[in-house]
Amino acid sequence: MKNTLVWVCRILVGLLFIFSGLIKINDPLGFSYKLQEYFEVFNITFLDGLALLISIILCTLEIVLGFTLLTGARAVKVAWGLLLLIIFFGFLTFYSAYFKVVQTCGCFGDAIPLTPWQSFTKDMILLALVLVIFANRKGIKPLFSEKNGDRLAFGSVIVALAIGFYAYSFSPIIDFLAYKVGANIPNEMITPPGAQPDQFEITYSLKNKKTGDTKEMTDKEYLKSGIWKDNNWGVVGTPESRLVKKGFTPKIIDLSIKDAQGNDYTKELLANPFNNLVIVAYDLHKTNIDAMGNLNALAISLRDNFNTRAILLTSNSAIDAEAIAKKNHWIMEIFYVDAIPLKEMVRANPGVMLLKNGTIINKWHYHSVPKYDDLVKDYFQK
C-alpha cells in the first residue's frame, strides 16, 4: 500500500513537472518576461538581463527533476530538489495572490492561464505529494542501473536545452498566444453579443464627519441604504474593487496602433484587404540592426513589385524611432504600440507578420524569415 502511494505520487508529480517545464520552455522568452515582472516586484531588476538564462535553467530543472523522479535516479537528491523548488514556487504564488502583484503566475505559460490563488492551490497540492515522496526518498528504487540512470538524466538535460534554445532562436514550437497564425485580430478584440463581462464588487470606506464613526459598505449597500444622501458621511481613501464573477474577456484587449501625432490607425491597418508586411520591434535600441536591414530590403522589393504596404510597429518614442529609421534608411511607415502586445505578437525583436484583412497569414522570427522568392511564391502569386 505504501509503495503504491509513493508510485502514484511519483507519477503525478513527475508528469506534472515535465508538462509544466515543457510548456514554459516552449516559449522561454515569454517566461522570461514573467520573471521580469517578479524581479520588479522584489526590486531586483538588475537580474533582468539574466531573465532568459534563468528562464531556460528553471524550465530545464523542472523537466529533469520530473523525468528522474519517474526513473528513480538519484532519488534522494531529486526529492530534495523537488521539495525546495515547490516551496519556492509556493512562496511566489502566495505572495502574488495575497499582495495582488503578478496576476498570472506563468506556471503553465500562456497555454493554461491560472489566477494566483489557483496557482497557489495547485502548488499546495503538489507540496503534499512531494512531502510523501520526500519522506520515502531513501526507499525509492531506480528502474535502471546508476550509470544508465545518469545517462538518461543527462539526455533529458540535452533535450530540454535544445527545445529551449530552438524556441528562442526561431519561435515557440506551439503558439498559444492570441496572435497565432490564422487568428483574425479584429475578431479577437470583440466581445460577442450577450456575453457577460467581468462582475466586480466595490467596497467603500466611509467616515462620519460629526461623530467620527467609520464603516465599510459594498456599492450595492451604499446605493440601497441611501447613505450617499447624508452629507455627514463621506468616502475615505480609494474604493477597493474585487472580482466576484469572471465574465468573457477578449483575447486581445490592449492593442492600439497610433502614428507619431497620436492618431489611431488600428482599424485602418487591420482592415487592409491586401497583404501587409508588418515588422514588429518592441525596442529599437535592442533590436538586431542587421536583421532590420534585411527586412528593409525585403520591404523595398515587395513595395516595388507588389505595392505591398510595409509598416513598423514599435514602442519607442517617435523621436527615437524616426531618428533610428532615418539613420538606417528604413522605408517602413512607423506606428506606435505599447510594448506588451508587441512582445505577444512575435517572440523576436524584430519579428515579422504577414497580415491580410486583419488575419495573420504567417509570422516569423527574424532568423526564419523566408527569402524573397519563396515569400512571393507562397503568398503573393496564389
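In which strand of the protein is confidence lowest, and in which is it highest? This is a predicted model, and its mean pLDDT is 94, with 100% of the residues at 70 or more. Strand E4 (residues 240–245) has the lowest confidence, with a mean of 83. At the other end sits strand E7 (residues 333–336), at 98.

**The overall picture**

Let's step back and take in the whole chain. The protein has 382 residues, and 43% of them are buried. Its secondary structure adds up to 13 helices and 9 strands. If you follow the C-alpha trace along its principal axes, the span is about 80 × 75 × 40 Å. Take the contacts with a separation of 6 or more: 71% of them link residues 24 or more positions apart.

Now for the outside. The accessible surface is about 21100 Å², and carbon and sulfur atoms make up 59% of that. As for charge, there are 39 positive and 34 negative side chains, and the centres of these two sets are 8 Å apart.

**Inside the core**

In soluble globular proteins, nonpolar side chains tend to be buried together. Here, the largest nonpolar core has 30 residues, and Val 13, Phe 17, Leu 82 and Ile 133 have the most contacts inside it. Helices H1 (2–25), H2 (28–41), H3 (51–71), H4 (75–99) and H5 (116–135) each give two or more residues to this core. H4 supplies the largest share, 8 residues.

Val 13 is a good place to zoom in. Leaving aside neighbours within four places in sequence, its contacts are Leu 69, Leu 82, Leu 126, Leu 129, Val 130 and Ile 133.

Leu 70 is also worth a look, and you'll find it in helix H3. With neighbours within four places again left aside, Leu 70 touches Trp 7, Arg 10, Ile 11, Gly 14, Leu 15, Ile 18 and Leu 143. Leu 70 and Leu 12 are 58 residues apart along the chain, yet their C-alpha atoms are 9.4 Å from each other.

**Some backbone oddities**

Most residues other than glycine have a negative phi, and most peptide bonds are trans. Two residues here have a positive phi:

| Residue | Phi | Place |
|---|---|---|
| Arg 74 | near 45° | loop between H3 and H4 |
| His 329 | near 60° | loop between helix H11 (318–328) and E7 |

Are these two buried or exposed? Arg 74 counts as partly exposed because its relative accessibility is 40%. His 329 counts as exposed because its value is 62%, and the cut-off for exposed is over 50%.

Finally, a cis peptide bond joins Asn 349 and Pro 350, with omega about 15°. Pro 350 lies in the loop between helix H12 (339–345) and strand E8 (351–356).

Conventions: Residues numbered from 1 in each chain as written. Heavy atoms only, no water. pLDDT = per-residue confidence, 0-100. Helix = DSSP H or I, 4+ residues; strand = E, 2+ residues; numbered from the N terminus. Core = buried A, V, L, I, M, F, W, Y, C linked by side-chain atoms within 4.5 Å. Buried < 20%, exposed > 50% of the residue type's maximum accessible area, 1.4 Å probe, protein only. Contact = heavy atoms within 4.5 Å. Areas by Shrake-Rupley, 256 points an atom, 1.4 Å probe, with all protein chains shown as cover. Lys, Arg positive; Asp, Glu negative; His and termini not counted. Charge placed at Lys NZ, Arg CZ, Asp CG, Glu CD.
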